[in-house]
Amino acid sequence: MTPDYLSGALAPVPDEIDAHDLPVAGELPEELTGRYFRNGPNPRPGEDPGHWFAGHGMLHGVRLRDGRAEWYRNRWVRTKAFTEDAPFVGETGVDLAAVTANTHVIRHSGRILALVESGLPYEVTPELDTVGPVDFGGRLTTAMTAHPKQDPLTGELHFFGYGFFPPYLTYHRLSATGELVESREIEVPGPTMTHDFAVTEHHLVWLDLPLVFRLERGGMPYAWEDDYGARIGVTPRAGGPTRWFEVDPCYVFHVGNAWEDAHGRIVLNAARYTRERFAPLWGRIGGEQDPAVPAAASGAAVLHRWTLDPATGVAKEEPLDDRGVEFPTFNEGLLGRESRYLYTVADDAVVKYDQRDGGSQVRKTGGDTGEAVFVPAAGATGEDEGWLLSVVTAGDSSRLLVLDARDLSDVASVRLPRRVPAGFHGSWLEEQ
Ligand SMILES: [Fe+2]
């Protein structure tokens with residue numbers, strides 16, 4: 001029986017194609033001139049990597065210019081694992097270039113990087129050809145998260161790497177010009193899967209949660225261990241010890257925005273899983289075939305808020321909704337500062353939250369809905385003035401949906417030449 005991660009919306013495509021002059025319904029804003037790139041796992045034909053997260057990274061790109069959709073193309077990232085079948089753990093230890101680069105694609109200081117949290121970033125060209133692994137002149141000696149944070153004021157890129165052996169967690173900072181200028185160990189009790197973190201004006205915020213690395217498990221070697229506990233750490237960006245807040249056991253792949261409120265408390269919103277809701281998801285994407293468990297991959301986490309008070313050491317926890325959502329996005333011009341709107345996706349919808357009044361809007365899309373990337377309009381004065389870009393797939397056809405972020409109304413829809421497998425994260429790369 002074909003595992004879930006190789007079928008339906010997750011089924012890989014067999015090859016790389018190019019298509020030109022894509023049909024557009026509605027009107028693409030001329031201002032949307034640039035590239036939308038999205039990353040996700042795509043095993044080669046006949047390959048079964050054993051877990052959704054383990055497939056080779058494939059980038060899908062759509063080139064928009066002056067109201068037209070000029071091209072679509074898809075390319076595997078030519079990592080050492082892809083071209084040489086190089087092992088991640090070999091006789092000389094871990095090879096940080098022998099990875100899948102399958103999770104995110106960003107641009108920083110002029111370089112486009114395909115990212116996966118187990119290894120080094122891979123640079124690719126604006127045409128999606130692979131340049132090679134990047135270690136910032138030999139300075140990066142750990143893996144790099146797929147969820148770095150760019151400070152909108154300084155242009156610096158904050159990120160971290162986690163590993164199986166000490167140091168388990170290391171914070172890194174790139175200058176606006178792409179130089180690795182700081183690396184600092186963050187002490188944690190053990191090796192855990194740390195997928196994301198948050199950055200506020202003065203602090204780094206860590207999620208040290210009980211998905212613990214256990215080599216003996218093989219495959220995707222992580223297991224939920226209640227004994228590990230769950231804690232959120234706050235480290236001054238300028239340096240100094242981390243203050244840890246104990247929280248109820250949970251798992252988080254993705255945070256929304258985080259900020260410091262008027263009382264100096266840290267507010268962190270994230271898509272949060274309980275153990276009960278995490279287990280079936282983890283089983284499914286790892287190939288367990290339990291017909292009693294629904295296939296929905298994005299319906300299990302709910303939007304949750306922690307408010308961390310350094311004065312008392314207490315973390316307040318509160319669910320903000322009971323709907324299943326994932327892939328939170330926001331206007332990254334406000335990264336680290338209080339923001340009002342958070343965009344998420346449910347299985348077949350985009351859900352926009354107003355974090356000030358607690359309201360939400362739902363826009364059904366009629367298909368499997370990928371992460372909705374927010375693109376600010378030029379000269380915008382309102383936080384939600386701009387567009388949301390999302391790949392929506394119904395049956396065998398995919399489109400790039402462009403919504404008005406203010407009311408989630410249709411702006412345009414670009415028909416893609418064939419189905420794009422459901423994947424992870426993408427970026428809008430505005431023309432430079
Ligand atoms: Fe992610």
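Let's begin with Arg231, which is buried at 11% relative accessibility (buried means under 20% relative accessible area, exposed over 50%, partly exposed in between, with a 1.4 Å probe and protein chains only). The model is predicted, so local features need pLDDT of at least 70 and side-chain atom pairs count only at pLDDT 80 or more, while totals for chains, interfaces and linings use all residues. Residues are numbered from 1 along each chain as its sequence is written, and side-chain values use heavy atoms, leaving out hydrogens and water.

**Exercise 1. Work out which residue Arg231 meets in a salt bridge, and where the two partners lie.**

Step 1. Take the criterion: a side-chain nitrogen of Lys or Arg within 4 Å of a carboxyl oxygen of Asp or Glu.

Step 2. Apply it to Arg231: its side chain meets that of Glu246, at 3.7 Å from N to O.

Step 3. Place the pair. Arg231 belongs to strand β20 (residues 231-236) and Glu246 to strand β21 (residues 243-246), so the bridge ties together parts 15 residues apart in sequence. Strands here are DSSP runs (E, at least two residues), numbered from the N terminus.

Step 4. Check the cover: Glu246 is exposed at 55% relative accessibility, whereas Arg231 is buried.

**Exercise 2. Find the salt-bridge partners of Arg111 and Arg173, then describe their surroundings.**

Step 1. Arg111 pairs with Glu123 at 3.5 Å, N to O. This pair links strand β9 (residues 111-115) with strand β10 (residues 122-124), 12 residues apart.

Step 2. Arg111 is partly exposed at 28%, and Glu123 is buried at 17%.

Step 3. Arg173 pairs with Glu156 at 2.5 Å, N to O. Since Arg173 sits in strand β14 and Glu156 in the loop between β12 (149-150) and β13, the contact ties together parts 17 residues apart in sequence. Glu156 is buried, at 16%.

Step 4. Widen the view: the count comes to 33 salt bridges. A network of them links Arg35, Arg63, Arg65, Arg68, Glu70, Glu127 and Glu431.

**Exercise 3. Identify the protein donors of the iron ion and classify their arrangement.**

Step 1. Collect the donors (N, O and S atoms within 2.8 Å of the metal, or 3.2 Å for Na, K and Ca; water is not among the atoms, so sites may look incomplete). They are the NE2 atoms of His147, His195, His254 and His425, lying 2.0 to 2.1 Å from the iron ion.

Step 2. Read the spacing along the chain: H-x47-H-x58-H-x170-H. His254 is in strand β22 (residues 251-260) and His425 in the loop between β34 (410-415) and β35 (426-430), so this pair ties together parts 171 residues apart in sequence.

Step 3. Test the angles. Four donors are tetrahedral if all angles lie between 85 and 135 degrees; four are square planar and six octahedral if opposite donors are over 155 degrees apart and all others between 65 and 115; anything else is irregular. Here the four donor atoms subtend 92 to 167 degrees, so the arrangement is irregular.

Step 4. Look at the cover: His254 is buried at 6%, as is His425 at 2%.

**Exercise 4. Describe how β35 is enclosed and how β3 joins it.**

Step 1. Four of the five residues of β35 are buried, so the strand is largely enclosed by the rest of the structure.

Step 2. Strand β3 (residues 34-41) runs antiparallel to β35 and is joined to it by five bridges; strands pair if DSSP finds at least two bridges between them.

Step 3. Pick one contact: Gly34 has Glu430 of β35 as its bridge partner.
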